[in-house]
Amino acid sequence: MKPVEIKDGIFWVGAIDWDERDFHNFTTRRGLTYNSYLIVDENVTLVDTVKHKSVRESLDRIKKVVDPSQIDYIIVNHIEPDHSSGLPDMMRIAKEATIVCTQRAKDGLCKYCDCDGWDIRVVKGGDELKIGKRTLTFIDMTMLHWPDSMATYLKEDKLLLSNDAFGQHVASEERFDEDIGIEEALYWAKLYYANILMPLAGLIKKKLAEVQKLNLEIDMIAPSHGVIWKNPAKIIEAYSKWAEFESENKVVIVFDSMWHSTEKLAMAIADGAGSEGAEVRVFHVRKDSWADIVTEILDAKSIAIGSPTIHNSIFPPVAGFLTYLKGLKPQKKRALAFGSYGWNGVAVKEIQKVLEELKFETLEPLMVKFKPSEEELQKAFELGAELAK
């Protein structure tokens, strides 16, 4: 339960949730962390709280640094309950604390919580708060990823408390990128980005440009989830790449199957893509995590999605995955719809519609009646090779 000093007088006092395995249908197979930061200055300041169930763990860390009742300010960067459901408990202890947040955050907090008697100070992007030798600057992060969001920058420490941006869903005793391993940290960051922030790529590009214009000196980024970046250039560079949907020579094949016919087509497509030297990933929608699938799709050049037809419709697991994918809005892909059928090829037609809605460059769909013949498997092989070229 020890706090971790990340800068002189600034402590991580969050909580580690080893057991959580689901976050809005995002499979968190390694749990997650709720990061809260305590700044000890003339005015003791807490930046974000934790999820309600983890308040005691966070409080135990705070108590090792200061008496929690002496907290003067609580900065609420974001009101989603994984950040703020512990706030009422904190306010029962730090009774005199002033909450600092955006107007939309105030409106939302007073829907989630009974905020009667709370001293709430509304700020906007560019506003500053002097807490002693330190100055907190608030950065507008509207829709990254909720309307209320903001980030907090400590210019004397060159520290960006970035809210959900640059975070990762992973439970870890390590608190810094260098401790867990930078490549490992980037892996979890990519998983998080693909499943939460991918649909906001346009806003992310704009916000990265805005922050660059502010000429902020940043030598550490401390997000609301996961490890802290001592190497901020690494994650900023990765976000720039992901927001542009820069792709690798990779083909991702996603399918489900009833009697293995669609599966046979998927494997033939994979063989064809591999024959052209592409990196190939094959996923079964009922056996593999959707979070892992869309993470691979994020930077793939091409994808293929296959389903059998059942009850004159698409196979339900594939339909569910397509709904998940549509919400995340990947861009700049070549794509193929494929599948087998008995009476009609409705499923493949439905997949094709989704691929066109996503504005992918599509190949002619592949529909096979019953078990694919050798000639039809050869056609699937050729389409896989075409995806890879």
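Helix α7 (residues 201-213) makes a convenient way into this predicted model. Its 13 residues reach 19 Å from the first C-alpha to the last, close to the 18 Å expected at 1.5 Å a residue. Which residues of α7 are buried? A201, I204, K207 and V211 are, and because they cover an arc of only 120° around the axis, they are on the same side of α7. A lysine, K207, is thus listed among the buried residues of this helix. On the face turned away from the buried side, α7 carries the exposed residues K206 and K213. The cover over the buried residues of α7 includes strand β13 (135-140) together with helices α6 (182-197) and α8 (232-243). After the helix comes N215, which has a positive phi, near 55°.

One of the elements covering α7, strand β13, belongs to an open sheet of five strands. The order in this sheet is β12-β13-β14-β15-β16, and the pairing is mixed. Strands β12 (128-130) and β16 (220-223) stand at the edges with a single partner strand each, so one side of each has no neighbour in the sheet. From one strand to the next, the twist averages 20°. Within the sheet, β13 pairs with β14 (residues 150-154) in the antiparallel sense, over five bridges. In this pairing, D140 stands opposite M150 of β14.

The model also holds an open sheet of seven strands, again with mixed pairing. Here the strand order is β1-β2-β7-β8-β9-β10-β11. Its edge strands are β1 (4-7) and β11 (119-122), each of which pairs on one side only. The twist of this sheet averages 25° from one strand to the next. As general background, strands of a sheet pair through backbone hydrogen bonds, either parallel or antiparallel. In which sense do β9 and β10 run? Strand β9 (residues 73-75) and strand β10 (residues 98-101) run parallel and are joined by three bridges, with I74 standing opposite I99 in β10. Helix α4 (residues 103-112) lies across β10 and β11, and runs at about 125° to β10.

Some individual charged side chains are worth a look on the screen. R61, found in helix α1 (residues 55-63), is one of them. Is R61 buried or exposed? Its relative accessible area is 6%, under the 20% cut-off, so R61 counts as buried. A polar atom of the R61 side chain lies 3.1 Å from the backbone oxygen of K2. Leaving aside neighbours within four places in sequence, R61 is in contact with M1, K2 and P3, and also with W12, V13, G14 and A15. K2 therefore appears both in the contact list of R61 and as the partner of its side chain at 3.1 Å, where R61 itself is buried.

D299 is another charged residue to inspect, placed in the loop between α10 (290-298) and β19 (300-306). With a relative accessibility of 2%, D299 is buried. Which residues does D299 touch, not counting those up to four places away in sequence? They are K190, E246, S247, E248, K250 and K333. With K190, the contact is a polar one between side chains, at 2.7 Å. K332 is 33 residues from D299 in sequence, and the two C-alpha atoms are 9.3 Å apart in space.

Two of the residues touched by D299, E246 and E248, are also touched by K241. K241 lies in helix α8, one of the elements that cover the buried residues of α7. At a relative accessible area of 30%, K241 is partly exposed. Along the chain, K241 and K205 are 36 residues apart, while their C-alpha atoms are separated by 9.6 Å.

Helix α12 (residues 346-357) completes this description. How does the span of α12 agree with 1.5 Å a residue? At that rise its twelve residues should span 16 Å, and the end C-alpha atoms are 17 Å apart, which agrees. The buried residues in α12 are V346, A347, V348, I351, Q352, V354 and L355. The residue that follows α12 is K359, with a positive phi near 65°.

Definitions and conventions: Residues numbered from 1 in each chain as written. Predicted model: local features only at pLDDT ≥ 70, side-chain atom pairs only at ≥ 80, totals over all residues. Heavy atoms only, no water. Pairing = 2+ DSSP bridges. Helix = DSSP H or I, 4+ residues; strand = E, 2+ residues; numbered from the N terminus. Axes fitted to C-alpha atoms, helices over the stretch in contact; angles between N-to-C directions. Contact = heavy atoms within 4.5 Å. Expected span 1.5 Å × (residues − 1). Buried < 20%, exposed > 50% of the residue type's maximum accessible area, 1.4 Å probe, protein only. Arc of directions from axis to C-beta. Polar contact = N/O pair within 3.5 Å; in protein donor to acceptor, adjacent residues only side chain to side chain.
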